Amino acid sequence: MYLSSTPISNVESNNPLFAMPEISDSRQSYFAAFSEKAEITAKTPTKMGSYEFTVVPFKAAKGMLMQVERQGQQIISAHLPSIFSRGALMSASLQVRETEYLLVAANSASKMLASGKRWLGIFRADGKNVYANVFEQQVMQVQPNEDGISMLFLNGDRMRIKL
């Protein structure tokens, strides 16, 4: 068996095998399927429904401190490592079996999309940490399901988290 190259003009471009996800700005599509979502900016309080986010520099650890309030009460105070200190922060909320969950994602500040890391945290509405992980692969999109979320990675892999 041998491999041969095919001129690009002979490749059918609308074939689903060749379809690539749009990667120009992953922030716009990351939580696109969620009805309640927000992009969080450093040093500027951001509201999303009953949640208010504040992200400030945390010089002692060369990172950022993310604080989340809900109905006037602080529910989350989390240190984000320095790799995420200049990246984008996004949030969404989701209902699963009458329980509300808060999803928070942080991009690394890497200019290389494929080598950037992503932190994803899932919290209950009272601030209790349910799941947190740093992904080496670039997460392109998170979609809600009836029992949790599904994630699509840049390389085409998928992962499902049941809550």
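Two strands count as paired if DSSP finds at least two bridges between them. Keep that in mind for the exercises below, and remember that this is a predicted model.

**Exercise 1. Work out how β11 and β12 pair, and find the residue opposite serine 150.**

Start with the strands: β11 covers residues 148-153 and β12 covers residues 158-162. Five bridges join them, and they run antiparallel. Now look across from serine 150, and you land on arginine 160 in β12. Last, check the turn. The two strands make a hairpin with four residues between them, and glycine 156 in that turn has a positive phi of about 100°.

**Exercise 2. Get an overview of the chain by listing its helix and strands in order.**

Count first: there is one helix, and there are 12 strands. Then walk along the sequence, and the helix comes up ahead of the strands, in the pattern α-β-β-β-β-β-β-β-β-β-β-β-β. For burial, 39% of the 163 residues count as buried. The accessible surface comes to about 9,900 Å², with 51% of it belonging to carbon and sulfur atoms.

**Exercise 3. Give the strand order of the open sheet that holds β3 and β4, and name its edges.**

Step one is the order, which goes β2-β3-β4-β5 with antiparallel pairing. Step two is the edges: β2 (46-48) and β5 (73-80) each pair on one side only. Step three is the twist, where neighbouring strands are turned by 25° against each other on average, direction ignored. Now zoom in on the middle. β3 (residues 51-58) and β4 (residues 63-70) share eight bridges, and valine 55 sits opposite methionine 66 in β4.

**Exercise 4. Decide whether strand β7 is largely enclosed or open, and trace its partners.**

Take burial first, using the cut-off of under 20% relative accessible area. Eight of the nine residues in β7 (residues 99-107) are buried, so the rest of the structure largely encloses this strand.

Next, the partners:

- β6 (residues 89-96) runs antiparallel to β7 and is joined to it by eight bridges; leucine 89 faces alanine 106 in β7.
- β8 (residues 118-124) pairs with β7 in the antiparallel sense over seven bridges; alanine 105 has leucine 120 in β8 as its bridge partner.

Finish with the connection between β6 and β7: their hairpin has two residues between the strands, and arginine 97 takes a positive phi near 45° there.

**Exercise 5. Find the residues that touch the most other members of the largest nonpolar core.**

This core has 21 residues, and Met66 and Leu102 are the pair you want. Which strands feed it? β1 (37-40), β3, β4, β5, β7 and β8 each supply at least two residues, with β5 giving the largest share at four. To see leucine 102 at work in the model, leave aside its neighbours within four places in sequence; its contacts then include Met48, Phe53, Val68, Ile76 and Phe123. There is also a second, separate core of 20 residues, with Met90, Phe135, Val139 and Leu163 among them.

**Exercise 6. Locate glutamine 138 and say whether it is buried or exposed.**

Glutamine 138 lies in the loop between β9 (129-135) and β10 (139-145). Its relative accessible area is 5%, so glutamine 138 is buried. Then compare sequence with space: arginine 118 is 20 residues away along the chain, but the C-alpha to C-alpha distance to glutamine 138 is 6.5 Å.

Methods: Residues are numbered from 1 along each chain as its sequence is written. This is a predicted model: local features need pLDDT of at least 70, side-chain atom pairs count only at pLDDT 80 or more; totals for chains, interfaces and linings use all residues. Side-chain values use heavy atoms; hydrogens and water are left out. Axes are lines fitted to C-alpha atoms, for helices over the stretch in contact, and angles run from 0 to 180 degrees between N-to-C directions. Buried means under 20% relative accessible area, exposed over 50%, partly exposed in between (1.4 Å probe, protein chains only). A nonpolar core is a set of buried Ala, Val, Leu, Ile, Met, Phe, Trp, Tyr and Cys residues joined through side-chain atoms within 4.5 Å. Contact means heavy atoms within 4.5 Å. Accessible areas come from the Shrake-Rupley method with a 1.4 Å probe; for residues, only the protein chains shown count as cover.
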